[in-house]
Structures are given as structure tokens and as C-alpha cells.
Amino acid sequence: MANPLKCDLCGKPATVHLTQIINNKIHKVDLCEECAQAKGVTDPSGFSLADLLLKASLNPEPTADLIRCEQCGFTQADFKKQGRFGCPSCYEAFRGVLEPLLGNMHKGTTHVGKVPQRAVERKSLYDRLTQLQLDLDQAIKAERYEDAARVRDEIHQVKLAFEEKTAS
Amino acid sequence: MKIAPLFEAPAEVADAASGKCAIVLTTRVRLARNLVDQPFPGWAKEAQRSAMLAGSMEVMADLPAMKKALTLKVEELSDLEKQILVERHLISRELSTTKHGAGVVISRDQTTAVMINEEDHLRIQVMRPGFQLKKVWNAINALDTEAEEKLNYAFSPTLGYLTACPTNLGTGMRASAMMHLPALVMSSQMEKVVRAVSQLGMAVRGLFGEGSDASGSIFQISNQTTLGESEEEIIKRLSSVLNTIIEHELNARAKLLENDASKLFDKVGRAFGILQNGRLLTSAEAMNLLSLIRLGVDLGVFAEVRRPVVDRLFIEAQPGHIQYAARGAFDPAQRDLLRAQFLRNEFTNFGQPDFNVTGKN
């Protein structure tokens with residue numbers, strides 16, 4: 001062969017070729033003997049292509065401008081090191097980093113399972129609150145004070161409901 | 001000892017099912033859940049972890065399903081107690097090594113355990129003997145809904161339940177079955193099975209999860225992916241994979257019997273002899289011998305009623321349980337002595353094997 005396949009992890013000639021089909025998509029990994037051993041590909045007791053793909057795509061390319069989660073201070077470098085996030089808000093902050101990885105990691109990229117009712121209600125109240133806040137700003141700007149007063153009352157109501165939903 | 005109440009009842013896993021489904025020892029489903037506005041346990045400061053532990057422990061212990069539950073803080077447990085909990089699959093190895101602010105709430109019947117501050121804020125698990133994926137899912141689904149009444153779960157409409165590791169996103173669910181596959185191991189077909197199963201997006205692990213060996217021919221089969229598929233779909237897909245593996249194991253058994261029944265029965269008979277008379281047994285050897293006895297029960301060599309006994313011994317022959325039974329800490333060589341003694345005792349009244357069973361199955 002003119003172009004022998006190289007190991008996806010270290011670049012040595014690859015001798016182990018693994019194919020996994022997830023959601024009718026073919027995922028291929030080429031590894032050298034050593035990396036295959038190290039990653040447990042030859043070990044029947046446990047091997048996850050998802051983990052491997054995740055780590056492989058996390059390791060290379062040193063990125064210049066690192067992203068940081070405002071909520072918890074977790075950085076992209078932390079994510080590369082740990083493969084785990086710092087807090088739920090990290091998913092917003094690192095959306096761009098994560099999105100290209102999800103397709104390889106999972107069957108799909110959108111949740112279709114169970115939905116927790118309270119969390120959803122909370123989210124819709126939150127969205128409503130954001131919208132009302134915008135309405136209020138506009139009303140004040142346009143000097144529609146009656147509207148502003150009405151919106152302000154509504155904001156108060158929604159806030160009360162929100163606190164009720166959040167209290168545990 | 002804080003975990004003493006666990007010994008009043010037999011471990012849930014020891015009360016196994018019978019018949020064709022005996023190949024599946026236990027079924028387990030776990031859900032990863034996190035709370036809004038709180039750093040994940042691995043990134044949280046000690047004070048945040050402690051607050052999370054205290055708060056969620058109280059909430060979980062208050063749920064009706066967890067009445068009279070055992071609440072345990074990892075830092076207050078001895079090494080031996082932690083080991084026993086791991087051997088009973090009530091906590092993970094990862095949880096047992098955490099230093100601060102981690103704990104577990106275990107239901108009285110040991111079917112339900114909620115780990116707090118493992119990789120995620122909450123890891124809820126429900127475990128039942130035999131092949132009962134749907135039942136287990138219904139039970140854990142109800143428990144999770146009850147917990148959600150009290151807790152603010154971190155959830156995104158597009159990504160589902162937000163978990164510390166993106167490999168658990170979506171449903172946050174791992175459904176698994178512990179399978180006893182001696183004939184596939186004996187006929188060297190396990191590697192083929194592992195490859196086929198992993199191509200279907202399912203993972204195969206040893207008895208104690210990631211990186212553990214497959215002594216006793218016991219394997220854990222679980223879903224690998226969590227996003228893009230509903231819980232019901234995952235469970236349906238896993239069930240069909242499990243059924244296929246059961247079929248292959250039964251075929252492999254039939255083939256072993258057909259080709260050389262005496263070779264197979266010889267293995268079972270020798271295992272019985274060693275368990276009755278051995279003086280030193282490592283836990284790996286004990287697991288392999290017990291595995292052969294369990295196969296013997298499935299083939300009709302021993303009475304059906306002995307299967308739960310073997311399943312109990314799978315757990316009680318583990319190092320932690322051996323030391324607990326002997327009330328002390330012992331080094332591995334002493335444990336092997338104690339283990340052999342314990343098993344000799346158990347097998348004194350086990351009943352003699354009857355090898356005239358060809359065609360009985």
C-alpha cells in the first residue's frame with residue numbers, strides 16, 4: 001500500500017481498525033498496536049468508542065483563544081484535561097466546542113426522552129420574564145406609562161410564580 | 001458498623017430469577033441527575049459539596065419509596081464498609097474513593113440506591129433480580145418524577161438532562177444487565193460477542209464495571225449512548241440485544257453438551273469437589289468455580305433451589321464480605337484460607353450432583 005493508515009492517536013502505522021455503527025453512521029478508528037492496548041480496544045471487558053472519539057478529538061489543536069464559563073470559571077483547557085464540565089451552564093459556554101463532538105458520541109444530537117415538568121415550567125416562566133422585561137423597557141422609552149405599569153404588575157406576578165417553582 | 005442493617009436482609013441481587021432468564025442475574029437502571037446553578041461535584045468546592053450532600057440526602061431520604069432508608073456519608077465509613085457496598089453494587093468504586101462531601105441513600109430492601117456527589121450530583125439506581133428491564137425502568141421513572149417535585153434538575157430542551165460528562169447527556173440513563181455466560185466463554189466466543197455488541201452501540205464490562213475482569217463469566221451489558229433516543233427506545237434495543245445473547249449462550253451450551261458432555265460435566269464435578277474440599281481459594285478462582293456450579297444448576301445437575309444460593313455466594317465470596325464475616329482485617333493469603341473454609345461449609349449441605357441429565361433440558 002502506498003499510504004499505510006496512521007494511528008489516530010499517535011501517528012504510528014495503524015494495525016488495529018475498528019468500525020462501529022451508531023445510528024446507521026459508520027465510525028472508524030485506526031490505531032497502532034500500543035494505543036489499541038492502552039485504550040482497551042482489545043480488552044473484552046470494556047471499551048467505549050464514544051470515550052475514545054471524545055478524547056481523540058479533545059487532545060490535538062492547541063486553541064489560541066480559550067473559552068471560559070462565566071458561571072463557574074471552568075475553561076476549555078479544564079475540559080480538555082478532564083473530559084467533564086464544571087457546571088450545567090458550561091453547556092451554553094462550550095456549545096461550539098461540544099456540538100461537533102456530539103454526533104460521534106451519541107445516536108442523535110437532540111434529546112427525545114423524558115422531560116422533567118418542573119424544569120420546563122421554570123424555563124417558560126423565565127422566558128416570559130425576559131420578554132416582559134423587554135416590553136417594560138420599550139414602554140418606558142416610548143413614555144407609555146400606563147402600559148409600563150401594567151407590565152410591571154405582570155412581572156411581579158410572574159416573579160412570584162417563578163419563586164414558587166424554584167423553592168424546594 | 002453503620003451498614004449493619006444491610007445484613008438483616010439478603011442482598012437484592014442474591015434472590016435471582018429462574019428458568020430461561022436465569023442467564024440474566026440482575027437488571028439495573030441508573031439515572032444521572034444534576035441540580036441547576038450548582039457546579040458539578042468534580043468542580044465544586046468542599047463547602048458546596050457538603051451543602052449539596054446535606055440538602056439532597058434529606059430530600060431523597062424523605063421520598064415515600066425510601067422510607068427507613070439508610071443514609072451514609074462516605075467519609076464516615078471504614079474502608080471495609082465501603083468495599084462491602086461496592087461488592088453489593090450499591091456504590092461505585094469512584095464514590096468509595098471520594099474524600100469529602102459524598103454519600104449514598106440506600107432503600108431498606110437494597111433495590112434502590114442514590115449516590116450523591118459521585119460524578120454527578122445524583123446517581124439514582126434501581127436494581128432487581130432477573131431480566132426485568134421494563135419493571136426497573138418504571139420503578140426508577142416514578143422515583144425520579146417524585147424527586148423532581150423537590151429538586152430543580154438542570155435540563156435543556158435540546159440536550160436533555162445536563163450531566164458532568166457529555167457522554168451521559170440526554171436521558172442520563174444507563175440500563176444494564178448482569179449476564180452469566182459460561183458457555184460462550186468456554187467456547188471462546190466472547191470476543192466475537194463483544195465486537196458484535198459494541199457495533200450495536202452497547203458496551204460490555206466485567207462484574208465490577210469499567211476495567212474489571214470477567215471472572216465467573218459474568219458480564220455487564222449496557223447502552224453506550226444516551227442522547228437522541230428515548231428511554232423506552234434504549235430499553236427496547238438493549239432488550240433485543242440481551243435476548244440475542246441469551247440465545248447464543250443457550251446454543252453454545254447445547255453444542256458443548258452435544259460435542260462432549262462428559263468434558264463439561266467433569267468441569268462441574270471438579271468445581272464441586274474443590275468447593276467442598278479446597279483449603280485455599282482466591283476470589284477469582286472461587287468466582288470461576290461458583291460459575292460452573294451455577295451452570296450445573298441450569299443444566300439440572302443440581303436442584304433449581306440452589307441457584308439463589310450460588311448467586312448469594314458470588315457476593316459473599318468477595319474479599320470485603322469474607323472479612324466482614326470473619327470480623328476483622330486480613331491479608332489476601334489469610335482471606336484465601338477463610339474463603340475456602342467458608343465455601344466448604346456452604347457446600348457441605350449443598351446436595352450431591354446428578355449427572356444423569358442428558359436430554360433433561
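A charge is said to sit over a ring if NZ of Lys or CZ of Arg is within 6 Å of the ring centre and within 35 degrees of the ring normal. The legends below describe close-up views of a predicted model.

**Figure 1. The charged end of B:R306 sits over the ring of B:F350.** The distance from the charged end of B:R306 to the centre of the ring of B:F350 is 5.4 Å. A second case in chain B involves B:R327, whose charged end sits over the ring of B:Y324. Here the distance to the ring centre is 4.7 Å.

**Figure 2. B:F272 and B:F347 form an edge-to-face aromatic pair.** Over all chains, the count of aromatic pairs comes to 14. In the pair formed by B:F272 and B:F347, the ring centres are 6.1 Å apart and the planes meet at 75°. B:F272 belongs to helix 7 of chain B (residues 231-277) and B:F347 to helix 11 of chain B (residues 332-348), so the pair ties together parts that are 75 residues apart in sequence. Are these two rings buried or exposed? B:F272 counts as buried because its relative accessibility is 4%, and buried means under 20%. B:F347 is likewise buried, at 0% relative accessibility.

**Figure 3. B:F302 and B:F350 also form an edge-to-face aromatic pair.** The centres of these two rings are 5.3 Å apart, with 75° between the planes. B:F302 lies in the loop between helix 8 (283-299) and helix 9 (307-316) of chain B, whereas B:F350 lies in the segment after helix 11 of chain B. The pair thus links distant parts of the chain, 48 residues apart. Both B:F302 and B:F350 are buried. The ring of B:F350 also has the charged end of B:R306 over it.

**Figure 4. Six aromatic residues from chains A and B form one cluster.** Chain A supplies A:F74, A:F79, A:F85, A:Y91 and A:F94, and chain B supplies B:W43.

**Figure 5. B:R312 forms salt bridges with B:E316 and with B:E346.** In the bridge between B:R312 and B:E316, the closest N and O atoms are 2.9 Å apart. Both of these residues lie in helix 9 of chain B, four residues apart, which is about one turn of the helix. In the bridge between B:R312 and B:E346, the N to O distance is 3.2 Å. B:R312 is in helix 9 of chain B and B:E346 in helix 11 of chain B, so this pair ties together parts that are 34 residues apart in sequence. The three residues are partly exposed: B:R312 has a relative accessible area of 24%, B:E316 has 21% and B:E346 has 23%.

**Figure 6. B:E304 and B:R307 form a salt bridge.** The closest N and O atoms of the two side chains are 3.1 Å apart. How exposed or buried is each partner? B:E304 is partly exposed, with a relative accessible area of 41%, whereas B:R307 counts as buried, at 3%. Over all chains, the count of salt bridges comes to 24.

**Figure 7. Chain A and chain B meet at an interface that buries about 4,200 Å² between them.** Of this buried area, 56% is on carbon and sulfur atoms. A:Y91, A:H111 and A:K114 are the residues of chain A that lose the most area to chain B, together 17% of what that side buries. A:Y91 also belongs to the aromatic cluster that includes B:W43. How many residues does each chain bring to the contact? Chain A brings 50 residues and chain B brings 57 residues.

**Figure 8. Four salt bridges are found across the interface of chain A and chain B.** B:E229 and A:K107 meet in a salt bridge, with an N to O distance of 3.7 Å. The count of residue pairs in polar contact between the two chains is 22. Several elements of chain A each supply at least two residues to the side that touches chain B, including strand 1 (16-22), helix 2 (49-58) and helix 6 (117-141). The largest share of that side, six residues, comes from helix 6 of chain A.

**Figure 9. Chain A contains seven helices and two strands.** From the N terminus on, its elements run β-β-α-α-α-α-α-α-α. Chain A has 168 residues, and buried residues make up 38% of them. Among contacts in chain A between residues at least 6 apart in sequence, 34% join residues at least 24 apart.

Terms used. Residues numbered from 1 in each chain as written. Chains lettered and ligands numbered in written order. Predicted model: local features only at pLDDT ≥ 70, side-chain atom pairs only at ≥ 80, totals over all residues. Heavy atoms only, no water. Phe/Tyr/Trp six-rings, centres within 6.5 Å; stacked < 30°, edge-to-face > 60°. Buried < 20%, exposed > 50% of the residue type's maximum accessible area, 1.4 Å probe, protein only. Contact = heavy atoms within 4.5 Å. Buried area = accessible area lost by both parts, 1.4 Å probe. Polar contact = N/O pair within 3.5 Å; in protein donor to acceptor, adjacent residues only side chain to side chain.
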